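Dear colleague,

I am passing on the structure that I mentioned, together with notes on what was found in it. Please read them with the coordinates open beside you.

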Amino acid sequence: MTERQSAKAASFLATCPKGLEGLLSDELSALGATPVKTTVAGVHFEGELVAAYRACLWSRLANRVVFCLLREEGVETPEQLRDVSASIDWASQLRPGATLAVDFHGRSDAIRHTRFGAQTVKDGVVQRFAAEGRPRPVVDPEAPDLRIYSLLHRGRLTIGIDLSGESLHRRGYRRGAGHAPLKENLAAALLIRAGWPDMARQGAALVDPLCGAGTLLIEAALMAADMAPNLHRERFGFEGWVGHDAACWRELKREAEARASIGRKRCRNQLFGADRSPPALEAAKANAMRAGIPALIELKGAALGELERPAELPEGQHGLLMTNPPYGERLGELPELVELYGQLGERARHAFPGWRLALFTANPDLGHRTGLRAHKQYSLKNGPLDARLLLMQVPDAAESSPASGKDAAPDKSAAPARPARSEGAQMFANRLHKNRKRLKKWLKRSGESCYRLYDADMPEYALAIDIYADRVHVQEYAPPRSVNADQAQKRLHEALGVMPEVLGVDPGRIVIKRRQRQSGRAQYEKQAASGERFEVQEGRARLWVNLRDYLDTGLFLDHRPVRRMLAEMAEGKRFLNLFCYTAAASVQAALGKEQGRGASDSVSVDLSNTYLDWARDNFSLNRLDPARHRVVRDDCLHWLETAGGMFDVIFLDPPTFSNSKKMAESLDIQRDHGRLVRLAMARLASGGTLVFSNNQRRFKLDADLAASFDVQDISAQTFDPDFQRRPDLHHCFLIRHLEV
């Protein structure tokens, strides 16, 4: 069955982002159209051509408005798609010599790619022109005179003329967008859901404390000033269409210009935006200028912690505090974001009592860090992300200050109180305090600045927290499937909210990663590219660490006592470090316990160029002679089998498992340690010592090694006070040749 439409009794389709269909239907009704059917990401409506023009000009929510030429059932194959396309009288739609482009959406079992679908529709158009003896139309995908829209969904094909041209969410005012900007129609939808149109009519104010490129503010100003969102658009798709009614369009635009002129003059709403990024503010100012409402918005540079009620607002006036803060899509962003969301709640209670707070986030638990309860939530998409708009009522001053009388004025000088911690968060804070107190004397005596403060002491807060001088490295143990993911995330946010205050550290100096079972050399693979490394001190050694770019930091803290022991053992001796990583052990051995009493020479072997470069930097930092202390890139098994020379002290610290493509064969430490140890012992001089360690929790030493060599298990002696809770974290053995 085929449905064909004329311009007088017209059928249209307005498309929109998923989740906005109901709002769009209401908007179309208000614009004089008649919605017929709501579908996924779209609304079918009827009306005269003027209704479609009005939607192109005034819709704040639509992406496209399509004049439907045909709807056909039972279209599945490319041949059917081409034939249906060829059945349309394209000469009545496209001017001679005009260019065209085809957009195709949807799929079928036989049509799986949108580009192929678009090509097939275009072939039908060309076929129709050829059959009528007309010149072949020219395709211009970038700037066509006419854009054809086609949608295939469950065998139902819709073909029409795209009246909008470029997507309607591109109003034309935004060119210099800030980081991760909202699309304009999504921003408009958020404002509608937050109740801004009604609030604007009542003269309310709006504040966006994290305004970025200003999209929320500009869309709010356009609503308050009764300005058509696409009034300043340079071109619409219908301008290259044969059916375009230029007189009708001129009248609509003239009316919109008049309303905008009056609306700007009558607008009494005050809109304020702040951001700490100068480039974002410059973009916001330029965008407001292009949108024609620069006088309606006041912008200033300020961090969220400086947020105050604008002095220009009359005393007692309420309004809308609305923002789209960062979501923390990357785990490493969370420490600062937990603090930011908490700060937003604090400043809202302090400076905006009685206001409505609208928060759009893809991380609702972060939204709860404000300490305010959402009385309404709306699920929406922000690109590929599932997000929510949280609507919260900021308590009046009397409600938020229990000590005050009911009619008492708020104390503007008082510092805002943080929301009360949960019982679990307080217990976690208490544990951090307790651990710091327990380690205090040891840290003062040892002088160590890098240590483990907490290691899943409370199972609910499954984190390892390491201190690196004035920074904090947090590893979240991935929760098992039996643990509710939302609860795990909530506890993580609670922990991150506690740490800055308890540890006295800026959230920006807290780095978080997720530690889970790794395969191959995944633990050594790059996770970021900050290049942010800094120097720490361990004993006499100065070492580079990087908390952000890799799962591990360049310094295994649990091996600190082993490195200390190696520094003592290596005095005046030949030292070999196998699987050397960043060669922290080699540096300690080369420096020795006292000045001038380190290893006579050393060789450090690893397969990773990245870590060998890091090792060289560590040697350079400590002014160690590279001629005496060499690094070698090789598979340790291969090197042991082929290298010559003997060593007095050998440190063998292999990974638990590796299947790196660079290795000749995979390595499993439980399976392969016997071979590794025997190869290392072949390079050990008489009277020398092999220090063999590994991090396989359930490791068992081969019995035949104890029969062949003098083996001493010293694992219990290789844990400083900060690691004594986890006696199975590593195993360490001294292995020597049997005396003859």
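**Core packing**

Leaving aside its neighbours within four places in sequence, Phe-428 is in contact (heavy atoms within 4.5 Å) with Tyr-454, Met-458, Tyr-461, Leu-463, Ile-465, Ala-495, Val-498 and Met-499. Phe-428 is also one of the residues with the most contacts inside the largest nonpolar core, which has 157 residues, and the others named with it are Leu-163, Trp-196, Ile-293 and Met-499. A nonpolar core is here a set of buried Ala, Val, Leu, Ile, Met, Phe, Trp, Tyr and Cys residues joined through side-chain atoms within 4.5 Å, where buried means under 20% relative accessible area, exposed over 50%, and partly exposed in between, with a 1.4 Å probe and protein chains only. Apart from the largest core lies another, of 31 residues, and among its members are Val-603, Met-663, Ala-680 and Phe-692.

Before going further, please keep in mind that this is a predicted model, in which local features need pLDDT of at least 70 and side-chain atom pairs count only at pLDDT 80 or more, whereas totals for chains, interfaces and linings use all residues. Residues are numbered from 1 along each chain as its sequence is written, and side-chain values use heavy atoms, with hydrogens and water left out.

**The chain as a whole**

The chain has 20 helices and 31 strands; these are DSSP runs numbered from the N terminus, with helices being H or I of at least four residues and strands E of at least two. Its radius of gyration, taken over C-alpha atoms, is 34 Å, while a compact globule of 740 residues would have a value near 27 Å by the rule of 2.2 Å times the number of residues to the power 0.38. Along the principal axes, the C-alpha atoms fill a box of roughly 110 × 80 × 45 Å.

Of the 740 residues, 55% count as buried. Among the contacts with a separation of 6 or more, 75% are between residues 24 or more positions apart.

**Helix 5 and strand 10**

Helix 5, which covers residues 184-193, is mostly covered, with eight of its ten residues buried. Those buried residues are Glu-184, Asn-185, Leu-186, Ala-187, Ala-188, Ala-189, Leu-190 and Leu-191. Just after helix 5, Gly-195 takes a positive phi of about 85°.

Leu-191 appears again among the contacts of Leu-206, which, neighbours within four places aside, also include Trp-196, Leu-217, Ala-220, Gln-270, Leu-271, Phe-272 and Leu-320. Leu-206 itself lies in strand 10, residues 205-208, and is buried, with a relative accessible area of 1%. Between Leu-206 and Ser-422, which are 216 residues apart in sequence, the C-alpha distance is 32 Å.

**Backbone angles outside glycine**

Most residues other than glycine have a negative phi. Asp-226, however, has a positive phi of about 55° although it is not a glycine; this residue is found in the loop between helix 7 (215-224) and helix 8 (246-266), and it is partly exposed, with a relative accessible area of 29%. Ala-583 likewise has a positive phi, near 65°, and lies in the loop between strand 23 (574-578) and helix 16, but Ala-583 is buried, at a relative accessible area of 0%.

**Some further positions**

Lys-253 lies in helix 8 and is partly exposed, with a relative accessible area of 27%. Not counting residues up to four places away in sequence, Lys-253 touches Leu-57 and Leu-231, and its C-alpha atom is separated by 9.0 Å from that of Arg-54, 199 residues apart along the chain.

Two loop residues count as exposed. Gly-596, in the loop between helix 16 (584-591) and strand 24 (601-606), has 73% relative accessibility, and its C-alpha atom is 9.1 Å from that of Gly-572, 24 residues apart along the chain. Ala-716, in the loop between strand 30 (709-713) and strand 31 (731-737), is exposed with a relative accessible area of 74%, and it is 9.5 Å from His-730, C-alpha to C-alpha, with their positions 14 residues apart in sequence.

With best regards
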